[in-house]
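User: I would like to go through this model with you and ask, for each label that is used, what justifies it.

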Amino acid sequence: SLSTKLDYAIKSLKGEGKITEINVATTVKEIRRALVDADVNYKVAKSVTDKIKDEALGQDVLIAVKPGQLMVKIVADELTNLMGGTKVDINLTGEPAVVLVAGLQGSGKTTFSGKLGYLLKKQNRNVLLVACDIYRPAAIDQLKVLGEQAGVEVYAEPENRNAVEIARNAIAYAKEQRKKVVIVDTAGRLAIDEQMMREIAEVKKAIQPTETLFVVDSMTGQDAVNTAKAFNERLNFDGVVLTKLDGDSRGGAALSIRTVVEKPIKYIGTGEKLDAIDVFHPDRMAQRILGMGDVISLVERAQQNFDEEEARRLQKKIRKNQFDFNDFLSQLEQIKKMGSLKDLVGMIPGVGKMVKDMDISDDAFKPIEAIIRSMTPYERANPVVLNGSRRRRIADGSGTSIQEVNNLLKQFEEMRKMMKAMNNMGGKGGMPVPNA
Ligand code: GDP
Ligand code: MG
């Protein structure tokens, strides 16, 4: 895989051995080969590795204390830049906002439409899903099933053979019903073809979407990039959705698409279920591709200690009794950068002194992290919804037991109570506590 190859490429720089300019050149060449093998477009691979080399020499990798680690950091940063640097949100302005979903057949459009509907509904937006695949009656049923699971209304006209008309009628209906977001799922074909392109372009022209998303199967490698190019030329889309990243995808598509079509990746699909959707974060994807999160953190630990702004944000949430599992997880991330788990707990304002003499081993938090990561973002933010079946799923997903999940939830609740008590004592800062 790409990560093992990159790992191998960088290994030559690890350890205590002396690094020479030749070593860097060799490593960079290996990185380039690994990228090309992972379906990254050759030009893209060349330009990114040239940048990595310049960076490495510019930052004096040769005389750094841990040249291998600095190199990993440079590679991760460059891969992040390659994928656009920072995340780009979809545009949901408009009354209603209209999201048009396009792509080849089987790329995951209908599944993504359902997932996005579900995600936005959880953010309390009034969503309408629109079935515009007029060629396959099964596609309408598929969207209806997804809509039902997501609790989102689906607009369909099974008898109507005109996608443009359906889309127009749906928008009119959405306005009438005061929907905030309309997601239009369209028909695709197995290969790029003129009729499909014309139809989707006409739909776009008719409904003037605020956001046109191009959905592509990440398993299709270099083809994904070519398809993206063809759709972009016709549709001038606003963002890309990369699906099936849970599979055996080599990740090359994610690395090339941004550069080739100059459009940001906005979401990724990581499974068939409704909640298997994530906002695309270039830095996280880079770490995932490198498969070396830990090494990167180590490097960052040397460079920065602890994020002041994040600390302030957390303090505020604690004061409002809003500390949730997302915050807990972000604390875990912080600690990975810092070094020891004890420091993590100590970072929670007001808790430091209590854990000073406790024996906390770093491994102890691994199952906890696994459990939290097996929760959906919604569950992390709303632990109260964690009923028996959700707990079962989380235990299975994290390779732990129901009992461990229950324990964590109990401890977490206790921690929240403690935070609340501290708030009520009106201690440090003395901020007013909102009425609970
Ligand atoms: P469409 O033809 O573009 O509408 O594609 P569908 O939404 O019908 O998806 C095609 C197949 O891919 C279905 O079996 C989906 O369950 C599956 N699928 C879609 N997205 C993902 C994903 O992110 N991961 C996995 N594993 N399967 C997916
Ligand atoms: Mg479909």
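User: Which residues are the closest to ligand 1, and how many surround it?

Analyst: The model is a predicted one, and in it 18 residues surround ligand 1, the closest being Gly108, Lys109, Thr110, Thr111 and Gly269. Helix α5 gives the most to this shell, with three residues.

User: What makes the residues of the shell around ligand 1 polar, charged or nonpolar?

Analyst: The division follows residue type, with Asp, Glu, Lys and Arg counted as charged and Gly placed among the polar residues. On that basis the shell has 13 polar residues, four charged ones and one nonpolar residue.

User: Why is Leu104 called buried or exposed?

Analyst: A residue is buried if 20 or more other C-beta atoms lie within 10 Å of its own; Leu104 has 24 such atoms within 10 Å, and it is therefore buried. Leu104 is found in the loop between β1 (97-103) and α5 (109-122), and, not counting residues up to four places away in sequence, Leu104 touches Gly188, Arg189, Leu190 and Thr227. The C-alpha atoms of Leu104 and Ala187 are separated by 7.9 Å, although these residues are 83 apart along the chain.

User: How do you know whether Leu255 is buried or exposed?

Analyst: The same cut-off of 20 applies, and Leu255 has 27 C-beta neighbours inside 10 Å, so Leu255 counts as buried. Leu255 lies in helix α10 (residues 252-261), and its contacts, leaving out residues up to four places away in sequence, are with Leu35, Val40, Val44, Leu79, Leu82 and Met83.

User: Why are Gln208 and Glu262 placed in the class they are given, buried or exposed?

Analyst: The limit for an exposed residue is 12 or fewer other C-beta atoms within 10 Å. Gln208 has 11 and is therefore exposed, while Glu262, with 9 C-beta neighbours inside 10 Å, counts as exposed as well. Gln208 lies in the loop between α8 (194-207) and β5 (211-217), and Glu262 in the loop between α10 and β7 (265-269).

User: What is noted about the phi of Gln208 and of Glu262?

Analyst: Most residues other than glycine have a negative phi. Gln208, which is not a glycine, has a positive phi of about 45°, and Glu262, also not a glycine, has a positive phi of about 55°.

User: Which peptide bond is cis, and where does its proline lie?

Analyst: Most peptide bonds are trans. The bond from Glu95 to Pro96 is cis, with omega near -5°, and Pro96 lies in the loop between α4 and β1.

User: What makes a group of residues a nonpolar core, and how many residues has the largest one?

Analyst: Such a core is a set of buried nonpolar residues, of the types Ala, Val, Leu, Ile, Met, Phe, Trp, Tyr and Cys, joined through C-beta atoms within 7 Å. The largest has 89 residues, and those with the most contacts inside it are Val99, Val130, Val182 and Val184. Helix α4 (residues 67-82) gives the most to this core, with eight residues, and the core draws at least three residues from each of domain 1 (2-85) and domain 2 (97-280). A second, separate core of nine residues includes Phe328, Ile368, Ile372 and Leu408.

Conventions
Residues are numbered from 1 along each chain as its sequence is written. Chains are lettered from A and ligands numbered from 1 in the order in which they are written. This is a predicted model: local features need pLDDT of at least 70, side-chain atom pairs count only at pLDDT 80 or more; totals for chains, interfaces and linings use all residues. Helices (H or I, at least four residues) and strands (E, at least two) are DSSP runs, numbered from the N terminus. Two residues are in contact if their C-beta atoms, placed from the backbone, lie within 7 Å. A residue is near a molecule or strand if its C-beta atom, placed from the backbone, lies within 6 Å of it. Domain bounds come from an automatic or database domain assignment.
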